[in-house]
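User: Please take a close look at one helix-helix packing in this model and place it in its surroundings. A connected account would be preferred to a list.

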Amino acid sequence: MNVLQEQIEQASRKIFTDSYSMSIGELMSMYKEKEIDIHPEFQRSFRWEIGQKSALIESILLGIPMPPIFIFHRKDGIWDVIDGQQRLSTIFQFAGIYRDEDEQIQPKIQLLKTKFLPALEGIVWEDDNPETYQLDSPQRLLIKRAKIDVKLLKATSDTNAKYDLFQRLNSGGSHLTPQEVRTCLIIMEDKSFYEKLLQMSQNINFRATLPLTERALSEQEDLEFVIRFIVARHCSTESLPSSLHEHLDNSIISLIRNPSFNLTEETCIFERTFALLNKRFGSDSFKRYNQEKEVFEGATTISAFEAMTPAISKQIDFYESLAEKDFQAKLIKMHTHPNYTQAAARRSTDRFKALIQIGEEIFHVD
């Protein structure tokens with residue numbers, strides 16, 4: 001048999017799919033009965049404005065076909081939306097049935113005028129006050145009877161199929177950053193784990209040593225730094241994939257599934273590490289070292305973060321008792337290491353591996 005064909009057939013046997021054409025009304029009924037999980041936590045990542053929401057409703061009213069939504073059929077029978085959260089949440093919010101993370105019904109949205117239906121300006125789904133500008137009954141039925149193709153990934157599929165599919169659909173040319181995709185993967189695997197990571201990212205000492213712009217925070221770079229810290233401490237750098245983001249994705253999911261990984265203990269080490277760095281160096285912790293001026297200056301560098309934090313955290317007892325001048329000497333030694341600048345300029349996975357090794361060499365305690 002052709003090798004390619006053999007690989008196609010072998011991989012296909014791991015994934016079991018089905019396909020349906022469902023009405024929006026059916027999906028609304030399932031959502032009301034809590035038979036569909038559209039992950040309201042994802043809304044931090046999926047950022048549709050009211051204009052985009054209005055355009056979606058316009059498309060439905062005009063009979064323009066929508067792309068399919070992708071669903072994972074969980075073992076508990078719930079349909080877990082892999083792709084299509086924003087479209088469904090828009091429809092549900094417009095209809096006044098959308099629930100947030102706390103299970104609270106959110107206010108109905110008023111649409112804006114659109115290219116082909118300017119009369120949508122200010123309209124709502126339905127209101128008890130007959131004077132309110134709202135869809136009439138035939139228009140609501142038109143939306144509820146509109147069909148959406150549903151691609152269903154069955155629970156009997158390979159364990160990682162849901163995550164692979166989500167990554168493929170939301171990476172590359174997507175509006176999501178790699179960390180936003182990773183956040184969604186973590187939430188799908190274990191929401192409580194995500195909530196603990198989020199708390200770590202908001203730690204006051206961590207934020208002080210790693211000043212990030214508002215844009216960086218909005219794209220969840222703070223959360224990515226937390227995950228880099230954890231992955232660098234616990235996961236092997238041997239046989240890394242070509243993409244560092246793939247390594248971070250696979251590693252954090254693997255740690256979530258590892259019953260011996262103690263996130264409470266990890267949080268304690270994290271807090272001690274950044275409390276120490278903030279106390280000793282503050283916002284200079286991860287800045288470049290200017291040998292001519294003998295000062296730390298410029299912007300925060302991810303290279304210093306990757307080299308320092310995992311190695312220091314593993315020897316936290318020692319560094320908490322080390323004199324500040326001796327600690328600073330270690331930092332300077334790292335920045336002036338003959339391979340540090342070269343390592344920092346390498347591609348992501350090579351850099352990650354090389355800097356962790358340099359950090360272990362510099363901050364190791366005999």
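Analyst: In this predicted model, helix α8 (residues 191-201) packs against helix α13 (residues 263-281) with an interaxial distance of 11 Å and an angle of about 10 degrees. Because angles under 35 degrees count as roughly parallel, α8 and α13 are roughly parallel to each other. The α8 side of the contact consists of F193, K196 and M200, which meet L263, E266, T267 and F270 of α13. Sorted by class, the residues of this contact comprise four nonpolar, one polar and two charged.

One of the α13 residues in this contact, E266, is also touched by H234. H234 belongs to helix α11 (residues 221-234). Leaving aside residues up to four places away in sequence, H234 touches L255 and F261 as well as E266. E266 thus has contacts with H234 and takes part in the packing of α13 with α8. As for its exposure, H234 has a relative accessible area of 36% and is therefore partly exposed, since that value lies between the 20% limit for buried and the 50% limit for exposed. A further distance concerns I252, which is 18 residues from H234 along the chain: the C-alpha atoms of these two residues are separated by 9.7 Å.

Helix α16 offers a view of how burial is distributed around a single helix. This helix covers residues 324-335, and at 1.5 Å a residue its 12 residues should span 16 Å; the end C-alpha atoms are 17 Å apart, which agrees. Within α16, F327, L331, M334 and H335 are buried. These four residues cover an arc of only 100 degrees around the axis, and so they lie on the same side of α16. An α-helix has 3.6 residues a turn, so residues three or four places apart point the same way. On the other side of α16, K325 and K333 are exposed.

These elements belong to a protein chain with 18 helices and seven strands. Along the principal axes, the C-alpha atoms of the chain fill a box of roughly 75 × 60 × 35 Å. Of its 366 residues, 47% count as buried. Among contacts in the chain with a separation of 6 or more, 70% are made by residues 24 or more positions apart.

Technical notes
Residues numbered from 1 in each chain as written. Predicted model: local features only at pLDDT ≥ 70, side-chain atom pairs only at ≥ 80, totals over all residues. Heavy atoms only, no water. Helix = DSSP H or I, 4+ residues; strand = E, 2+ residues; numbered from the N terminus. Expected span 1.5 Å × (residues − 1). Buried < 20%, exposed > 50% of the residue type's maximum accessible area, 1.4 Å probe, protein only. Arc of directions from axis to C-beta. Axes fitted to C-alpha atoms, helices over the stretch in contact; angles between N-to-C directions. Parallel < 35°, antiparallel > 145°, perpendicular 65-115°, else oblique. Contact = heavy atoms within 4.5 Å. Nonpolar A, V, L, I, M, F, W, Y, C, P; charged D, E, K, R; others polar.
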